[in-house]
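Look at the sequence and the model below. The paragraphs after them go through the structure one part at a time.

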Amino acid sequence: MPFKKRIAFVISTMLVINVFSQQKATIQINFEKETGDMKPIWAWFGYDEPNYTYMKDGRKLLSEIAALSPVPVYVRAHNLLTTGDGTPALKWGSTNAYTEDANGNPVYNWTITDSIFDTYIKRGMKPLAQIGFMPEALSSHPQPYKHDWKPGQPYSKIFTGWAYPPNNYKKWAALVYEWVSHCVSRYGKKEVESWYWELWNEPNGGNGYWKGTVQDYCKLYDYTSDALKRALPSARIGGPHVTGPSGSGAAQFLKTFLQHCSSDTNAATGKMGAPLDFIAFHAKGAPRMVNTHVRMGISNQLRDISSGFEIVSSFKEWAHLPIVIGESDPEGCAACGMATNPENAYRNGTMYSSYTAAAFARKYLLADYFKVNLLGAVSWSFEFENQPWFYGFRDLATNGVDKPVLNVFRMFGMMSGKRVAVTSDQMYPLFSIRDSGVRKETTDIGAIAAKGGHSATAMIWNYHDDDTTGQPATVVLQCAGLTGKQVTLQQYRIDADHSNSYEVWRKMGSPQQPNAEQVAQLEKAGQLEQTGASKETIKNGLLQLNMQLPRQGIVFIKMSW
């Protein structure tokens with residue numbers, strides 16, 4: 001065979017192999033079959049560093065988050081009662097809300113806490129107000145107090161005097177009472193009634209965020225909830241925000257707390273039980289390096305959620321209560337960048353966005369299975385002020401530029417009404433992905449869909465635990481149960497070429513000091529990109545769409561009539 005013909009034969013053979021190696025998926029959506037409410041469980045966000053709230057990029061990002069959501073967004077932040085001058089740092093924040101004079105009398109200062117809550121309220125957002133951490137003057141072991149942790153250093157360095165029980169529970173209760181009363185005076189009773197209050201963060205570690213025992217925590221909860229309800233009887237309080245309940249220690253702590261609220265003697269009132277308006281626990285994945293690439297651990301996060309739901313549903317007196325997954329993320333340390341933690345290299349690009357889509361869809365399905373009232377799932381991801389561009393923090397934006405993951409929430413913001421039935425021949429079954437993740441050769445190609453009064457939406461993703469490249473999948477989307485004869489169809493995408501500021505930044509040469517023109521280009525690339533618009537004819541309630549979906553890609557379809 002002549003040389004040119006041999007080359008042509010090899011190329012054509014490669015093309016045939018590539019075509020036949022492509023994964024194909026058929027997704028069927030029945031818009032007539034409702035499966036539950038399209039509750040905005042995603043409209044919850046949180047972060048360690050509360051002083052970033054009112055800084056330049058913090059305000060900008062909060063405005064964008066508020067704008068993408070059709071409902072008020074709830075925001076959770078650590079360190080709202082921590083002692084200090086308000087200077088921000090990684091894994092740190094302070095408000096100086098409580099100090100004492102020379103005679104040990106309390107001195108309350110709400111200037112910084114007001115600045116934080118004012119920023120939320122101005123944007124129509126709501127606090128998931130965390131009551132903590134321990135002020136220096138109230139700590140039973142105050143020194144050392146402020147830490148100077150940096151990425152790469154032992155995480156235990158952050159746990160200082162703010163993590164201890166109070167030296168005086170009545171003074172602590174007075175602090176809670178005064179804070180809540182001040183909020184009612186400043187924002188109004190109706191507004192504060194719409195908030196959620198919580199006590200502490202991950203108190204089950206024993207040597208971490210809470211240096212006391214489970215009994216110490218329950219005692220603190222009694223004094224806290226009593227003070228809160230005295231200041232505002234209609235205020236809503238919950239806890240305990242344990243780490244992932246798939247771990248035996250966290251599971252036992254959660255059970256002990258729920259039992260305490262049900263039938264133990266209240267340390268503050270002497271009565272039986274304690275008020276409980278919602279239940280909170282955390283759920284985290286576990287990425288790791290495999291050879292030269294990141295492998296996500298979505299199953300770890302889903303097992304935490306499943307275990308937490310199972311525990312709550314086992315308490316008949318509490319099974320109906322709202323559940324907030326107080327931190328729900330691919331792993332545990334938002335401030336640990338990829339330079340010091342290479343397993344976190346997934347955060348800048350489309351792995352983070354496709355993971356988020358696939359994970360949130362399963363949160364709805366797990367809540368359906370356990371018949372629990374899932375109210376919210378907090379994405380513990382915000383922004384880090386004045387840090388290197390695309391450093392690999394777990395954040396939604398870098399230096400005021402939105403990352404691809406934020407566009408998933410823009411997609412969710414367009415979904416409302418009722419969730420509807422979805423089947424896919426390439427979507428991993430719920431308990432398969434919970435127990436084993438997405439580790440087979442095939443990727444997880446699935447969808448979540450909803451319908452409103454005159455619109456229908458669908459989010460379709462192509463996800464795999466391994467952060468590697470691969471052939472785009474051919475997806476056939478079959479929509480049934482559509483009303484009318486014609487729909488206006490809008491399509492949006494997140495992939496390497498769309499809604500992706502990171503890839504644009506890389507093509508610029510990864511500048512750490514981009515000029516004004518480059519920043520403007522990056523800001524535009526960070527927005528959700530519409531990639532198509534058309535009029536489609538509906539025949540017998542059916543509509544079929546064919547598309548190519550890259551690995552780690554997401555397509556969002558909105559149909560209106």
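What follows is a walk through a sheet, the nonpolar cores, one helix residue, the cysteines and some unusual backbone positions.

This is a predicted model, in which local features need pLDDT of at least 70 and side-chain atom pairs count only at pLDDT 80 or more, while totals for chains, interfaces and linings use all residues. Residues are numbered from 1 along each chain as its sequence is written, and side-chain values use heavy atoms, with hydrogens and water left out. Helices (H or I, at least four residues) and strands (E, at least two) are DSSP runs, numbered from the N terminus.

Start with the sheet. It is open and made of 9 strands, which follow the order 21-20-23-18-17-16-1-19-22 with mixed pairing. Two strands pair if DSSP finds at least two bridges between them. Strand 21 (529–537) and strand 22 are the edge strands, each pairing on one side only. From one strand to the next, the twist averages 20°. Inside the sheet, strand 1 (residues 24–37) pairs with strand 19 (residues 473–480) in the parallel sense, over 7 bridges. As a point to find on the model, Ile27 stands opposite Leu477 in strand 19. Helix 10 (residues 404–412) packs on this sheet and touches strand 18 (455–463), strand 20 (486–494) and strand 23. Contact here means heavy atoms within 4.5 Å. The direction of helix 10 makes about 160° with that of strand 20. Such angles run from 0 to 180 degrees between N-to-C directions, and the axes are lines fitted to C-alpha atoms, for helices over the stretch in contact.

Next come the nonpolar cores. A nonpolar core is a set of buried Ala, Val, Leu, Ile, Met, Phe, Trp, Tyr and Cys residues joined through side-chain atoms within 4.5 Å. Buried means under 20% relative accessible area, exposed means over 50%, and partly exposed lies in between (1.4 Å probe, protein chains only). Which residues of the largest core touch the most other members? They are Phe117, Trp172, Trp197, Trp200, Phe309 and Met459, in a core of 149 residues. Helix 9 (residues 350–370) gives this core its largest share, 12 residues. Trp172 shows what such a position looks like in detail. Leaving aside neighbours within four places in sequence, Trp172 is in contact with residues including Leu81, Ile131, Phe133, Met134, Leu199, Trp200 and Leu220. There is also a second, separate core of 26 residues, and among them are Ile29, Phe31, Ile445 and Ile460.

One helix residue shows how places apart in sequence come together. Ile298 is found in helix 8 (residues 298–313). Is Ile298 buried or exposed? Its relative accessibility is 0%, so Ile298 counts as buried. Beyond its neighbours within four places in sequence, Ile298 is in contact with Tyr355, Ala358, Ala359, Ile433, Gly437, Tyr463 and Asp465. His464 is 166 residues from Ile298 in sequence, yet their C-alpha atoms are 9.5 Å apart in space.

Now consider the cysteines. A disulfide is a pair of cysteine sulfur atoms within 2.5 Å. How many disulfides does a search of the whole structure find? The search finds 1. The pair is Cys333 and Cys336, with sulfur atoms 2.1 Å apart. Their link is right-handed, with 75° about the S-S bond, and both cysteines are buried. Why is Cys218 not bonded to Cys261, which has the closest cysteine sulfur? The two sulfurs are 6.7 Å apart, and that is too far for a bond. Cys261 is accordingly in no disulfide. Cys218 is buried, with a relative accessible area of 6%, and Cys261 is buried too, at 3%.

Last are the unusual backbone positions. A cis peptide bond joins Gln143 and Pro144, with omega about -5°. Pro144 sits in the loop between strand 6 (126–131) and helix 4 (169–187). Another cis peptide bond joins Gly239 and Pro240, with omega about 0°, and Pro240 is found in strand 8 (residues 237–242).

Two residues other than glycine have a positive phi: Asn291, near 60°, and Gln552, near 70°. Asn291 lies in the loop between strand 10 (288–290) and strand 11 (293–295), and counts as exposed because its relative accessibility is 73%. Gln552 lies in the loop between strand 22 (543–549) and strand 23 (554–560). Gln552 is buried, with a relative accessible area of 8%.
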